[in-house]
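Me: Please take a close look at the salt bridges in this structure and at the parts of the fold that they bring together. I should like a connected account that follows them into the neighbouring elements.

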Amino acid sequence: MDFVFDRTAEGRVIKSLTVVDDATHEAVAIVPERAMGGMQLTRALDQLAKTRGLPKAIRTDNGKEFCSRAMLTWAHARGVQLFLIEPGKPNQNAYIESFNGRFRDECLNEHWFTSLRHAQVIIEGWRREYNEERPKKSLGGLTPAAYAKSLTQKSGKLPSDSKALCY
């Protein structure tokens, strides 16, 4: 997980939580808000868990939201391991950094958002296209959504060494 910042036309901040599955390359969620502290972050993760289930582990940087008491308590209560990268070492969370660059280039830089709601609609459309319409060579020519589906269909459960439950 990570955050990407942008602004609406009137200059107000949009802070987007990006959640990506390293194994399937799915953009699990992009949550644009005006601000997001630790409590709001954990509420977003609980909402995501309703449809996706809980991951075994989450890798983040050392941002205040990810190191907050709310996040640490949330993870401990749910048995989710938190892996914090070393400060100043974004390469330790390389896939999310790459994804965020693509998200910025292809979505944020291409749109002039008139409101938070406008941003939410455009960003969700881009996320769906990314997951469902873009085949990737690294996934055998499948889209991230199709690859995730194929993993679960192969055995009904993921292999023990899979990172698919880590986002």
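Reply: A search of the whole structure, which is a predicted model, finds 10 salt bridges. Three of them are described here, together with the elements that surround them.

One of these pairs is formed by Arg52 and Asp21, whose side chains meet with an N to O distance of 3.2 Å. Arg52 belongs to helix H1 (residues 38–52), whereas Asp21 sits in the loop between E2 and E3, so the pair ties together parts that are 31 residues apart in sequence. The two partners differ in their surroundings: Asp21 has a relative accessible area of 1% and is therefore buried, while Arg52, at 32% relative accessibility, counts as partly exposed.

A second salt bridge also starts from H1. Asp46 pairs with Arg78, and their closest N and O atoms lie 3.0 Å apart. Because Asp46 is in helix H1 and Arg78 in helix H2 (residues 69–78), this pair ties together parts that are 32 residues apart in sequence. Asp46 is partly exposed, with a relative accessible area of 28%, and Arg78 is likewise partly exposed, with a relative accessible area of 34%.

A third pair lies within one element. The side chains of Arg128 and Glu124 form a salt bridge of 3.1 Å, N to O. Arg128 counts as partly exposed at 43% relative accessibility, as does Glu124 at 24%. Both residues are in helix H4 (residues 116–132), four residues apart, which is about one turn of the helix. Elsewhere, salt bridges that share partners join Asp21, Glu26 and Arg52 into one network.

Since H1 supplies a partner to two of the pairs described, its geometry deserves attention. At 1.5 Å a residue, its 15 residues should span 21 Å, and the end C-alpha atoms are 20 Å apart, which agrees. The buried residues of H1 are Gly38, Leu41, Thr42, Ala44, Leu45, Leu48 and Ala49. Viewed down the helix axis, these buried residues fall within an arc of 155°, so they line one face of H1. They pack against E2, E3, strand E4 (57–60) and H2. On the other side of H1, Met39, Lys50 and Thr51 are exposed. The helix is followed by Gly53, which has a positive phi, near 85°.

E2 and E3, against which the buried residues of H1 pack, also flank the loop that holds Asp21. The two strands run antiparallel and are joined by six bridges; Val19 stands opposite Ala29 in E3. Together they form a hairpin with six residues between them. E3 is mostly covered, with five of its seven residues buried.

Ile30 is found in E3 and counts as buried because its relative accessibility is 7%. Leaving aside neighbours within four places in sequence, Ile30 is in contact with Ser16, Leu17, Thr18, Phe99, Phe103, Ile123, Trp126 and Arg127. Ser16, Leu17 and Thr18 fall within the span of strand E2 (13–20), and Ile123, Trp126 and Arg127 fall within that of helix H4 (residues 116–132). Ile30 and Asp2, 28 residues apart in sequence, have C-alpha atoms 9.8 Å apart in space.

The loop of the hairpin also contains His25, placed between strand E2 (13–20) and strand E3 (27–33). Although it is not a glycine, His25 has a positive phi of about 65°. At 14% relative accessibility, His25 counts as buried. Its side chain and that of Tyr95 are joined by a polar contact of 3.3 Å. Not counting residues up to four places away in sequence, His25 touches Val20, Tyr95, Tyr130, Asn131, Lys136, Ser138, Leu139 and Pro144.

Taken together, the loop between E2 and E3 carries Asp21, which is tied to H1 through Arg52, and His25, which is joined to Tyr95 by a polar contact. H1 in turn is tied to H2 through Asp46 and Arg78, and H2 is also among the elements against which the buried residues of H1 pack.

Conventions. Residues are numbered from 1 along each chain as its sequence is written. This is a predicted model: local features need pLDDT of at least 70, side-chain atom pairs count only at pLDDT 80 or more; totals for chains, interfaces and linings use all residues. Side-chain values use heavy atoms; hydrogens and water are left out. Buried means under 20% relative accessible area, exposed over 50%, partly exposed in between (1.4 Å probe, protein chains only). A polar contact is a pair of N or O atoms within 3.5 Å; within protein, one must be able to donate a hydrogen and the other to accept it, and residues adjacent in sequence count only if both atoms are side-chain atoms. Contact means heavy atoms within 4.5 Å. A salt bridge is a side-chain nitrogen of Lys or Arg within 4 Å of a carboxyl oxygen of Asp or Glu. The expected span of a helix is 1.5 Å times one less than its number of residues. The arc is that of the directions from the helix axis to the C-beta atoms. Two strands pair if DSSP finds at least two bridges between them.
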